[in-house]
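Notebook open, model loaded. I want to go through the backbone oddities, then the sheet, then the empty space inside.

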Amino acid sequence: MFKGELPLNVEEIRKDFPVLDQEVNGHPLVYLDNAATSQRPLQVVQAVEDFYEKYNANVHRGIHKLSEESSEVYENARTKVAKFINARSDRELIYTRNSTESINLVAYSWGMENLKPGDEVLVTEMEHHANLVPWQLICQRTGATYKYVPIDDTGHLRMDLLDDLLTEKTKLFAFTAASNTVGTINPVKELVKAAHEVGALALVDGAQAAPHMKIDVQDWDCDFFAFSGHKMLGPTGIGFLYGKEEILDAMPPFLTGGDMIREVHIDSATWNDLPWKFEAGTPNIAGAIGMGAAVDYLQKIGMDRIHAHEQVLIKYAMERLSEVPGLTMYGPPAEERGGLVAFTVEGLHPHDIASILDAYGVAVRAGHHCAQPVHDHFGIPATARASFYLYNTPEEADALVNALLEARKIFRLDE
Ligand code: 7TS
């Protein structure tokens, strides 16, 4: 039983998340799949509803009341998100669909323009596929060499190899701030500095970091930062790319068409200012507006407190999980990771684990979590993963453990 104190008042917070208040298969829902996508509070749902109900109109277009209002709220949301990560200005914050699109934007726009044979792109073995496949492809197309920093068996990057891997040939170092599988929180500032020392740019995948900790892109000094709204209480289909203004300015457009232009003639076109240069076509207006409300919500609670809360939860969850016979957890100790843990149980396939947990109302993800190289490293095809967020409780970690003990019984592993 949990005896400590929780940094957050979960009872109050959960009132904003009615979706959590339901039964699944006759048990209270225990939602531990937050790394895949979070739930959204009423405030976010309301903001989206208000837009459609009261002032729906396209942005940056007609000079009429509704369009002016939607444009204003849409751009205010950008300001909120830009401030949330401490960008210097709104011009450095581009709306995309998700982290995947943000990374592809950099790969196609910056990569196709700047990479050539002899250049190197460095990634890491703990990346989500979204930060691997674009670089594999762009390296194939440009003739640049693709390299990676391996991880060790504790789920840390092999920092001892960094000096050899980062050279004057390296043009870009793309790495995650926090792993979605081993959970490791990487030393971002140190990695960015190492990239800059050899003249490379640093792209940070923030999909698993932005929802869970205070982000300061100026302090990190990263050149790009990609993150997704749907993992941080926002709607699906809205994501973000932060980039330093002078770098974004020098990059060619990614997608082209309406909105991203200044002037178009029948045989030529010029580009709009930042950030709109990278925002072709009608954007996800409702998504951006919902995200403004999500950022307000997160900031009201406080990112430091959210991080502290998850630290308490993951420490407790890992202690409890270690009581389950045959269970192996992958990655570093609780203090060095975000609020998620991937594990296997000897004799149980991760998919069987997930379906039995579901029978007890516990939602986890099973599979390779789009991080197959991490699983290759440990020589396993899949894991089950429990990922916590601000509305989770230690009692939910208990429910997870109890359901796992039931799974062992069902598969007669205790006989
Ligand atoms: N980078 C990391 C570290 C991620 O965890 C994810 C999504 C992405 C990038 C891609 O984000 P998207 O919003 O573009 O899809 N991770 C997961 C996950 O762990 N389970 O489902 C999605």
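Started with N86: buried, exposed or in between? I get a relative accessibility of 31% for N86, and because the partly exposed class runs between 20% and 50%, N86 counts as partly exposed. Worth keeping in mind that this is a predicted model.

I looked up N86 for its backbone in the first place. Its phi is near 60°, a positive value, and N86 is not a glycine. I find N86 in the loop between α3 (65-84) and β4 (93-96).

Next entry, C370. Here too I read a positive phi in a residue that is not a glycine, this one about 55°. C370 sits in the loop that links β16 (365-367) to α13 (372-378). Its relative accessible area is 23%, so C370 goes down as partly exposed.

Then the peptide bonds. I noted a cis bond between L274 and P275, with omega at about 0°. P275 belongs to the loop between β12 (268-271) and α10 (285-301).

On to the sheet. In what order do the strands of the open sheet run? I wrote down β4-β10-β9-β8-β7-β5-β6, which makes 7 strands with mixed pairing. β4 and β6 (145-149) are the edge strands, each pairing on one side only. I also checked the twist: neighbouring strands in this sheet are turned by 20° against each other on average, direction ignored.

I zoomed in on one pair inside that sheet. β5 (residues 120-124) and β7 (residues 170-176) run parallel and share 3 bridges. Across from E120 I find T170 of β7.

Which strands does α3 lie across? I have β4, β9 (224-228) and β10 (239-243) on the list, with α3 running at about 115° to β4. So α3 turns up twice in these notes, because the loop holding the partly exposed N86 lies between α3 and β4.

Last entry, the empty space. Rolling a water-sized probe over the atoms shows where space is left empty. I count 2 cavities of 30 Å³ or more. The largest cavity holds about 100 Å³ of space. Which residues lie nearest its centre? I noted Q208, H212, G338, G339 and L340, out of 15 lining residues. By class, I put the lining of that largest cavity at 6 nonpolar, 8 polar and 1 charged residues.

Notes. Residues are numbered from 1 along each chain as its sequence is written. This is a predicted model: local features need pLDDT of at least 70, side-chain atom pairs count only at pLDDT 80 or more; totals for chains, interfaces and linings use all residues. Side-chain values use heavy atoms; hydrogens and water are left out. Helices (H or I, at least four residues) and strands (E, at least two) are DSSP runs, numbered from the N terminus. Buried means under 20% relative accessible area, exposed over 50%, partly exposed in between (1.4 Å probe, protein chains only). Two strands pair if DSSP finds at least two bridges between them. Axes are lines fitted to C-alpha atoms, for helices over the stretch in contact, and angles run from 0 to 180 degrees between N-to-C directions. Contact means heavy atoms within 4.5 Å. On a 1 Å grid over the protein atoms alone, a cavity is a set of points where a 1.4 Å probe fits but cannot get out, and a pocket is an open set with protein on both sides within 12 Å along at least five of seven lines; lining residues have an atom within 4 Å of a point. Grid points are joined across faces, edges and corners, and a volume is the space filled by probe spheres set on the points. Ala, Val, Leu, Ile, Met, Phe, Trp, Tyr, Cys and Pro count as nonpolar, Asp, Glu, Lys and Arg as charged, and the others, Gly among them, as polar.
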